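Reader: I would like a close look at one part of this model. Please take me through the ligand site and the space around it.

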Amino acid sequence: MSTLAVYPGSFDPLTNGHVDIILRGARLFDRIVVAILVNAEKAPLFSIQERVEIAREVFKDQRNVEVDTFGGLLVDYVEARKAQVIVRGLRAVSDFEFEFQMALMNRRLNSKIETVFMMPAEQYTYISSRLIKEVFALGGGVHGLVPDLVEQRLRQKV
Ligand code: PNS
């Protein structure tokens, strides 16, 4: 049986922490779908089309990484895709509480789907999309924390 994993998130924008988790997932599972939530935030910095385009470009050479969008309940999307696993990254203890709640709620909603947590490389443990946007907007450098394409696209936003 081949294992399909779904890595859901807002990815506004994609960071090197996300990239690290996706590449780890791509080594562990037969296929991993980067599933970008539609309408998560009322005013995202990057439109859903931009986020899809960025992720597709970043992973264009990764044959078992797919980029898709979803709306509604995550477990419904995972079931519709016939995937078995939800992948989430855990950076620090502070992530744990919310991730624990989501994993158990998702299990209650669909007990066939397993959530697997993965730790990113140490150098990415403090990065979040929110901090990237804030630091960049205030003139700070984010080089090395996001893919080069994201850095270019951030420059086009200001
Ligand atoms: O990148 P994020 O914002 O941490 O991702 C959160 C995400 C998209 C995984 C979560 O908000 C989600 O799954 N939303 C879909 C709606 C849903 O299923 N909610 C119940 C989760 S227990």
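Which element gives the most to the lining of the largest pocket?

Author: Helix H4 does, with eight residues. Bear in mind that this is a predicted model.

Start with the pocket itself. The largest pocket holds about 910 Å³ of space. Its lining counts 37 residues. Pro8, Gly9, Ser10, Arg88 and Glu99 lie nearest the centre. Several elements each supply at least two residues of this lining. They are strand E1 (residues 4–9), helix H1 (16–28), strand E4 (85–89), H4 (93–109) and helix H5 (129–137). By class, the lining has 18 nonpolar, eleven polar and eight charged residues.

Now the ligand. The space it takes is the largest pocket. Two elements, E1 and H4, give two or more residues to the shell around the ligand. H4 provides the largest share here, three residues. So much for the elements; next come the residues. Around the ligand are Pro8, Gly9 and Ser10. Leu37 and Phe70 belong to the shell as well. Gly72, Leu73 and Leu74 are also on the list. Arg88, Met102, Met105 and Asn106 complete it. By class, this shell has seven nonpolar, four polar and one charged residues.

Three contacts deserve a look, each made to an oxygen atom of the ligand. Serine 10 uses its side chain: an N or O atom there is 2.8 Å from a ligand oxygen. Leucine 74 uses its backbone instead, where an N or O atom lies 2.8 Å from a ligand oxygen. Arginine 88 again involves the side chain, with an N or O atom 2.9 Å from a ligand oxygen. On its own, the ligand has 550 Å² of accessible area, and the protein covers 71% of that.

Finally, turn to the loop between E1 and H1. Phenylalanine 11 is found there. Its phi is near 50°, a positive value in a residue other than glycine. Proline 13 is found in this loop too. The peptide bond leading to proline 13 from aspartate 12 is cis, with omega near 0°. For context, most residues other than glycine have a negative phi, and most peptide bonds are trans.

Key. Residues numbered from 1 in each chain as written. Predicted model: local features only at pLDDT ≥ 70, side-chain atom pairs only at ≥ 80, totals over all residues. Heavy atoms only, no water. Near = heavy atom within 4 Å. Polar contact = N/O pair within 3.5 Å; in protein donor to acceptor, adjacent residues only side chain to side chain. Areas by Shrake-Rupley, 256 points an atom, 1.4 Å probe, with all protein chains shown as cover. 1 Å grid on protein atoms, 1.4 Å probe; cavity = no way out; pocket = protein on both sides within 12 Å on 5 of 7 lines; lining within 4 Å. Sits in = over half its atoms within 2 Å of the grid points. Helix = DSSP H or I, 4+ residues; strand = E, 2+ residues; numbered from the N terminus. Nonpolar A, V, L, I, M, F, W, Y, C, P; charged D, E, K, R; others polar. Points joined across faces, edges and corners; volume = space filled by probe spheres on them.
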